[in-house]
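Hi,

Here is the structure I promised to pass on. Have a look at it first, and then read my notes below.

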Amino acid sequence: MSYKILPLQTNRQERNKFQIPLNTIYFCGNSLGLCPIESEKVVNQIIQEWEQNHIHSWNLAIQLPLKVGNKIGKLIGAEENETIIADSTSINLFKCLGTSIAIQKIKNPNRRSILLDRENFSNDLGLLKLLSTDEYKVRYFDDENQLEDFLNDDVVCILLSHVNYHHGKLYNIKKITEMVHKVDAFIIWDLCHSVGSVPINLTEVNADFAVGCTDKYLNSSPGAPAFIYVNKKHQNVTWQPLTGWLGHQSPFKMSKDYEPIVGIKNFLVGTPEVLPISIIDCSVEITLDAGMQLIRKKSLALGDLFIFLMTEKCPSFKLVTPFEYEKRESHLSYQHENANEISKWMRKRNIYSDFISPDILIFAMTPLYTKFVDIWNAIENISDIVKNVESKNFDESCVSLN
Amino acid sequence: MTREQCEIADENDELKIFRNKFKIPQDTIYLIGNSLGLCPIESQKIANRVIKQEWGQNHIDSWNTAGWYHLPVKVGNKIGKIIGAEQNETIISDSTSINIFKCLGTSIAIQKIKNPDRRIILLERENFPTDLYIAQGLVNLLSTDEYKIRYFDDDNRLEDVLGDDVVCILLSHVNYRTGQLYNMKQITKLAHKVDAHIIWDLCHSVGSVPINLTKVDADFAVGCTYKYLNSGPGAPAFIYVNKKHQNVAWQPLTGWFGHQAPFKMSKLYEPAPNITNYLVGTPQVLQISIIDHSVGITLDADMQAIRKKSLALGDLFIKLMDEKCPSLKLVTPFEYEKRGSHLSYQHENAYAISNLMRKRGVYGDFRFPDILRFAMTPLYTRFVDIWDVIGIISEVINDAEYEGFDGNCVT
């Protein structure tokens, strides 16, 4: 396998927009993105707004969710007013699933199967238990190859992660959405691990629903609110299941009966979390400035380098993620029988990757702040650690990371 | 009563030092803490620490080293002390609306086992609308099961509407419009007599009125942290679940953080066997860190002292309004056992009055069509503030009657 260094016209200034932890090589941006330097300033502005203008700061709560939602909409190829910031990914999946079920109750009332990606084990079952009288059937699948067999005219909808978290495989949004639509089912795309890492065009594929996190590749702080996308054609067909006052047509009129507001705002529930939403606002700008095409190009280049060096220097690591570009995004999963131990030694040397029991290490290539030389340095250290672990020789001396 | 007497009352106020912990907006008398509490001075410092140090420098390590993982329970338990909960019955998560959904869903699931034929959800018609809307949405979702909502007005006798067809009753401890305080002990008893659950909405009472959920054996409760708990616009809410109802049935919003071991990433859902099951998504670390501090202020002040001052401020307000603004009619009951921490008044020109008040730096709250609300917030409101406010209102009333309703005024 040969490696060619491709000339990249990346804007290296992107890294300067982040607070880079000292003496650290960070491959966990797929779990928690690093902190944009502007975050402190924007949060202080909101706190000052609260301090000085008190009750008037509620105006931000009214404006921000849609304004910031539309910014994320640009990253995922949505049209205006199809994306909004609200709640968490899990809650938004509940809304999408509930809405799918409600719409299909009108369109295809006999359907009872819900197809779930085993990755999303927890984000669905509560709703289906609640609807136990309706007797929906859940079918789990592990791989897109199973899909063709499972997709029939009993399927209400399918919930699928664009990137499989365990092995980092990137699914083909266009192909799969087409397959689902062929049987008149809906698809709910979970974009948590792909938004901000790969270009996405939901309008082009005519996706039905989507959700995603903002605290991973969108670097918006731990637990920052998530987003939800609802294709215009599915807005205002039925109620979504979480009918809180901010989804009402006139929340401050305090009328006694729920009347859904027309449009994506219907997917709001309770009071928006203004502080973290202001961080999302500034973080998403960084990604928009860099542009998804460039981010994607660098992500693949970083990945190529990582894979090349690992193959050379740490051959006992087995790459689980597919190599082909169309099946790979920013995170690389590797398997090693001593993965847990290796990851602990890596952490002692301030190299951060994610360990998934029993034997997987995940390395996220985060183009906005990861350098090619970081990859080099990290793998030097990893190969050193692996040698020690494999020869049971525990050497605690650290290699300089600069 | 004179202004000097008010100043003396402030001098002798055992809570007077607490005002210094808040950023008091200039040239403003703020009686709207029941809608958004003022900002504790430490908030900015805490936010900066979480952002620069915990997130910026220590990133994912902070789940352990900064205690992020335990924040929802730690801060939940602090609120638990304020509401008389036992340990590990209260947790910070999501919004009040979402937490109401969890409580209703869990109550329904438990009653499906205990009393499977029951179909009625009992709601107060004049409750804060989100409570009604969430219940309406849930009933709509469960259309196959044919749940129904029964509304009651507070002049109904509860015994008449609480039958053995009732799954649960959702009720606000302090009514947002009228400021009336309900008798938690008595009403919980009535609900339990027919084996129904009660879900208490504490949004307007937590931090303003002493509460003891354990003593009354309440089933569920929810509440905001951005009103009397001063935790900032949109700060996450809390939910309380009586230990006896934990692990009986799944709560309906099953997310990864409600899993027994969220970071284990196992492929099977296993609900956590305790209050953490009521978490759904990743905790909002930044805002919860601020709640941590703000709730600490209330704990330091002590609910008995807060209640005492709240009633004293209210007494003064009512007395002076009687004297100087007799055209404003008190809607909130006067009796202490029926009075929360905000006073509602009715006036046909309420809208104009509220706008003119705001031009003079006085913040009360307008509720359509003719209600004005004034929050007594003992942690930062002084007796002289009450004196000054009523002076201004009495001047403004005359102008309001003269000017009439101006639809272009900003509320």
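When I say contact here, I mean heavy atoms within 4.5 Å. Please also keep in mind that this is a predicted model.

Let me begin with Asp201(B), which sits in strand 8 (residues 197-201) of chain B. Its relative accessible area is 3%, and the cut-off for buried is under 20%, so Asp201(B) counts as buried. Leaving out neighbours within four places in sequence, Asp201(B) is in contact with Thr96(B), Ile100(B), Asp131(B), Leu171(B), Ser172(B), His173(B) and Val222(B).

Two of those names, Asp201(B) and Ser172(B), also turn up in the UniProt record, an unreviewed entry, under the annotation "binding site". The annotation covers Ser97(B), His204(B), Tyr226(B), Trp256(B) and Thr282(B) as well. These positions are spread over 186 residues of sequence, and in space they lie up to 30.6 Å apart between C-alpha atoms.

Tyr226(B), another residue from that annotation, is worth a look too. You will find Tyr226(B) in the loop between strand 9 (220-223) and strand 10 (238-241) of chain B. Tyr226(B) is buried, at 7% relative accessibility. Its contacts, not counting residues up to four places away in sequence, include Trp58(A) and Thr271(A) from chain A, along with Ser35(B), Leu36(B) and Gly37(B) from chain B. With Thr271(A) there is a polar contact between the two side chains, at 3.0 Å.

Where else do the two chains touch? Try Asp134(A), whose side chain makes a polar contact with the side chain of Thr144(B) at 2.3 Å. Asp134(A) lies in the loop between helix 4 (125-130) and strand 6 (137-141) of chain A, and is buried at 7% relative accessibility. Setting aside neighbours within four places in sequence, Asp134(A) is also in contact with Lys105(A) and Arg112(A).

Last, a pocket. The second largest one has a volume of about 640 Å³. It is lined by 28 residues, and the closest to its centre are Tyr182(B), Asn183(B), Met184(B), Lys185(B) and Gln186(B). Helix 7 (158-161), helix 8 (184-193), helix 9 (213-216) and helix 11 (303-324) of chain B each give two or more residues to that lining. Which of them gives the most? That is helix 8 of chain B, with five residues. By type, the lining divides into 13 nonpolar, six polar and nine charged residues.

Cheers

Conventions. Residues numbered from 1 in each chain as written. Chains lettered and ligands numbered in written order. Predicted model: local features only at pLDDT ≥ 70, side-chain atom pairs only at ≥ 80, totals over all residues. Heavy atoms only, no water. UniProt positions renumbered as here; feature names shortened; annotations may be inferred. Helix = DSSP H or I, 4+ residues; strand = E, 2+ residues; numbered from the N terminus. Buried < 20%, exposed > 50% of the residue type's maximum accessible area, 1.4 Å probe, protein only. Polar contact = N/O pair within 3.5 Å; in protein donor to acceptor, adjacent residues only side chain to side chain. 1 Å grid on protein atoms, 1.4 Å probe; cavity = no way out; pocket = protein on both sides within 12 Å on 5 of 7 lines; lining within 4 Å. Points joined across faces, edges and corners; volume = space filled by probe spheres on them. Nonpolar A, V, L, I, M, F, W, Y, C, P; charged D, E, K, R; others polar.
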